[in-house]
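Here is a friendly walk through a two-chain model, meant to be read with the structure open beside you. Take your time and turn the view as you go.

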Amino acid sequence: MRRLELDGVGKRFRIDSGTPTLMRRIGQAAKRARKQELWALRGVTFGLDAGETIGVIGRNGAGKTTLIRVLSGVSAPTEGTLRVRGRIAPLIGVGVGFNPELTGRENVLVNGQLLGLTEKQVRDRFDSIVAFSEIESFLESPVKYYSSGMFLRLAFAVAIHTEPEVMLVDEILAVGDMGFQLKCNDKLREIQQSGASILVVTHNLEMLSRLTARAIVMHGGRMQVDGTVEDAISTYQDILQREQERDAVAETGVASSSKIAMSLHDANGTVQRHFNTGDRVRLKLRATLHRDYDKLVVMAVVQRADGEAVSYVRSNDIPTTHGPDKPLDAELDLTLNLLSGDYAIRAMVFVAGQPFIAETLPMRFSVTNFMAGHGGIVDMAPTITVDGAEMTPPRLSRLEG
Amino acid sequence: MTAEAVTSELWLTGESTPPGRLLRELWAARRLAVVLARNEYLARYRSSLLGLLWSLLVPLLQTVVLAIVFTHVVRVAAPGQSYALYVLSGTAVWSTFSSGISSGSTAIVDTGAIAGRVYFPRLILPMLAPMAALVTGALTLVVAVLLLPAFPHSSYHVQLLALPLVVLLNFLFTSAFASVVALAHVYARDVRYLITASMLVWMYATPIIYPLHLAHGLRPYIEANPVTGIVQLSHWCFLGQADGLEPSLLATGAWLVGLLTIAVLAYSRYDRVACDRL
């Protein structure tokens with residue numbers, strides 16, 4: 001049985017910068033202003049059968065989130081037809097409607113009903129939800145006194161117990177500690193075996209290949225591939241590679257014909273844009289110069305998404321001469337002691353005390369941190385001891401299955 | 001699960017929802033609406049010492065203040081009527097209306113965290129605050145009925161039986177108005193301030209602290225005010241008579257039909273895209 005059927009689904013957004021106000025609306029109407037349009041999805045056509053699992057991959061802004069929102073019914077498609085047969089549980093709905101003033105018990109009842117269960121169904125599953133969340137003793141306390149881990153565990157427990165016919169999973173399996181993650185993975189597999197259809201949006205290609213054999217690649221709102229996970233991953237990596245070549249080549253400064261090409265690799269030498277905290281990465285760059293230079297310096301800057309520099313590193317003066325016939329090849333190995341977030345790296349070459357000869361545009365990458373209770377930018381490798389007992393949340397190098 | 005019949009089906013072509021389907025979806029979401037409204041209510045009063053009593057104390061306190069000011073300072077009292085009871089019966093309606101509007105008219109934007117992640121008819125969102133206000137409003141009226149013998153020139157009479165009609169009419173009008181405004185608020189955020197400012201003026205355009213006959217030349221405008229009909233109906237219930245009840249009730253009815261029509265049409269167009277902008 002077809003659970004999901006999408007036929008030429010497109011979603012258009014009108015770009016409207018700033019807060020919409022009455023005055024602006026009137027102004028726009030008076031000027032008959034044409035707003036810019038953006039198709040976040042276009043021509044998306046695929047089907048998903050009962051018991052089938054499909055992965056959706058794509059870089060940020062490829063339309064994955066919009067696809068999930070359209071499928072969950074939150075946002076209607078502008079064109080095309082969408083059919084969902086059966087109850088759909090968006091795991092993006094984890095913790096929806098949780099009210100900090102209400103107790104865990106009360107919140108489970110509301111949240112379960114928001115996710116499409118009847119009150120009786122929630123009550124029937126209540127014990128199982130509570131057992132799964134491991135927060136029995138706090139059920140009667142207001143949720144505002146919960147730790148963030150407890151909160152997520154409870155919320156996730158409700159979502160996973162809705163026993164939907166279609167489940168939408170959006171990169172949330174990094175909830176809680178390792179034990180809990182294992183439990184979630186088991187539960188997900190159980191749901192899979194019970195005949196539900198699952199659509200997983202993820203950056204984690206490893207997890208994807210464990211869950212399913214079929215995947216879609218989204219790029220610029222369109223489907224690039226609907227095929228095997230291997231096909232999808234190779235297409236996805238091609239997209240990243242192409243983009244990187246486009247992003248990485250930039251010209252600046254005095255020497256407009258000098259440029260730097262760069263690429264970011266993981267420990268295995270594969271081109272990557274998504275890393276885990278503590279990963280060792282290699283930045284490879286090649287500077288092609290328009291004339292000969294001596295004593296060049298190569299430098300890389302890691303910055304936050306907002307442009308604030310997190311760290312920079314520069315070489316010594318390089319004694320050999322580089323020029324049009326001899327490009328400069330450099331490799332910078334770095335340990336990403338960064339916590340979850342979006343970052344960018346850029347590189348430049350120059351001669352000490354002079355303007356940059358060439359500089360790249362920032363190349364974006366993301367980092368995922370698998371340690372509960374540690375946030376911010378920098379991994380401080382914390383150890384917490386209370387009354388002599390170690391209370392540090394467990395630390396995972398990556399999500400284990 | 002495989003053998004189970006399909007519990008629900010979603011079939012979307014285009015952004016709009018036909019009015020009939022919108023109303024069916026709204027009906028199907030009635031239990032969820034009650035759950036969410038109860039939640040809002042519980043959460044609001046849970047952490048305060050007097051809890052629910054606060055919602056009753058406010059209109060009573062307002063009545064006492066107004067009764068003192070207007071009987072002893074300004075003297076607008078009508079002969080043979082209890083001015084205090086007049087104020088209380090009007091205030092009970094107005095405070096229900098205004099508390100329903102104040103959070104109902106911004107409900108879609110304010111609950112974006114919920115509405116942006118799971119679908120249910122958005123039309124229930126602006127109705128939650130009016131539903132919560134309905135409970136306190138009804139309780140205030142019950143308290144007013146219990147206090148009735150304490151007011152001068154007042155006694156129990158048959159018109160009091162029409163009080164449920166006041167509650168119902170108030171709820172319908174508050175919901176219809178909040179729904180239309182809440183949707184407009186998604187597309188123009190300063191509607192929030194416009195409403196706050198209008199509520200201030202609106203209260204004085206409603207015969208709550210003054211009797212309608214004192215309005216003189218402004219009277220036709222005040223009778224055209226949709227809240228006047230509800231307030232006058234409340235006056236009629238408590239005082240046994242109300243000046244110009246029929247024309248103002250007629251105006252309320254016309255407003256109600258107009259607003260409900262606008263609400264259904266607007267939501268059938270925007271219900272499934274309203275949360276795109278949050």
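## Strands around β16 of chain A

β16(A) pairs with strand β18 (residues 363–368) of chain A in the antiparallel sense, over 5 bridges. Within that pairing, A:Tyr343 stands opposite A:Phe365 in β18(A). Please keep in mind throughout that this is a predicted model.

Strand β13 (residues 296–304) of chain A is also a partner of β16 (residues 341–351) of chain A: the two run antiparallel and are joined by 9 bridges. Here A:Arg304 has A:Tyr343 in β16(A) as its bridge partner. A:Tyr343 is therefore a handy residue to click on, since it faces A:Arg304 and also A:Phe365 of β18(A).Strand β17 (residues 356–359) of chain A runs antiparallel to β16(A) as well, with 3 bridges between them. A:Met348 stands opposite A:Glu359 in β17(A). What do β16(A) and β17(A) form together? They make a hairpin with 4 residues between the strands, and A:Gly353 in the turn has a positive phi of about 85°.

The table gathers these pairings with two others from the model.

| Strand pair | Sense | Bridges | Facing residues |
|---|---|---|---|
| β13(A) and β16(A) | antiparallel | 9 bridges | A:Arg304 and A:Tyr343 |
| β16(A) and β18(A) | antiparallel | 5 bridges | A:Tyr343 and A:Phe365 |
| β16(A) and β17(A) | antiparallel | 3 bridges | A:Met348 and A:Glu359 |
| β10(A) and β12(A) | antiparallel | 7 bridges | A:Met262 and A:Leu285 |
| β4(A) and β1(B) | antiparallel | 5 bridges | A:Val84 and B:Leu10 |

## A three-stranded sheet in chain A

Elsewhere in chain A there is an open sheet of 3 strands, in the order β10-β12-β15, with antiparallel pairing. β10 (259–265) and β15 (328–335) of chain A are the edge strands; each has a single partner strand, so one side of each is left without a neighbour in the sheet. Direction ignored, neighbouring strands of this sheet are turned by 20° against each other on average.

To see one of the pairings, look at β10(A) beside strand β12 (residues 280–288) of chain A, where 7 bridges link the two in the antiparallel sense. A:Met262 stands opposite A:Leu285 in β12(A).

## Where the two chains meet

How many residues of chain A are in contact with chain B? There are 39 of them, and they touch 34 residues of chain B. On the chain A side, α1 (22–31), β4 (79–85) and α3 (104–114) each supply at least two residues. The largest share, 5 residues, comes from β4(A). Sorted by class, the chain A side has 17 nonpolar, 14 polar and 8 charged residues.

β4(A) also pairs across the chains: with strand β1 (residues 9–13) of chain B, β4(A) forms 5 bridges in the antiparallel sense. A:Val84 stands opposite B:Leu10 in β1(B).

## Two helix pairs

α3(A), which contributes to the side that touches chain B, also packs within its own chain. The axes of α3(A) and helix α4 (residues 119–133) of chain A come within 10 Å and cross at roughly 125°. Because of that angle, α3(A) is oblique to α4(A), and the crossing is right-handed. On the α3(A) side the contact is made by A:Val108, A:Leu109, A:Gly112 and A:Gln113, and on the α4(A) side by A:Glu119, A:Val122, A:Phe126 and A:Ile129. By class, these are 5 nonpolar, 2 polar and 1 charged residues.

In chain B, α8(B) packs with helix α11 (residues 226–239) at an angle of about 165°, with the axes 9 Å apart. That makes α8(B) roughly antiparallel to α11(B), and the crossing is left-handed. From α8(B), B:Leu163, B:Leu165, B:Val166, B:Leu169, B:Asn170 and B:Phe173 take part, meeting B:Pro226, B:Ile230, B:Leu233, B:Ser234 and B:Cys237 of α11(B). This contact has 9 nonpolar, 2 polar and no charged residues.

## How confident is the prediction?

The model scores ipTM 0.78 and pTM 0.73. Chain B has a mean pLDDT of 86, with 92% of its residues at 70 or more. Among the elements of chain B, helix α8 (residues 163–187) has the highest mean pLDDT, 95, and helix α3 (residues 53–74) the lowest, 75. Over residues 1–6 of chain B the pLDDT is below 50, and this stretch has 9 contacts in the model beyond near neighbours in sequence. Where pLDDT is low, the predicted coordinates should not be read in detail.

Terms used:
Residues numbered from 1 in each chain as written. Chains lettered and ligands numbered in written order. Predicted model: local features only at pLDDT ≥ 70, side-chain atom pairs only at ≥ 80, totals over all residues. Contact = placed C-beta atoms within 7 Å. Nonpolar A, V, L, I, M, F, W, Y, C, P; charged D, E, K, R; others polar. Pairing = 2+ DSSP bridges. Axes fitted to C-alpha atoms, helices over the stretch in contact; angles between N-to-C directions. Parallel < 35°, antiparallel > 145°, perpendicular 65-115°, else oblique. Left-handed = near helix turned anticlockwise from the far one by under 90°. pLDDT = per-residue confidence, 0-100.
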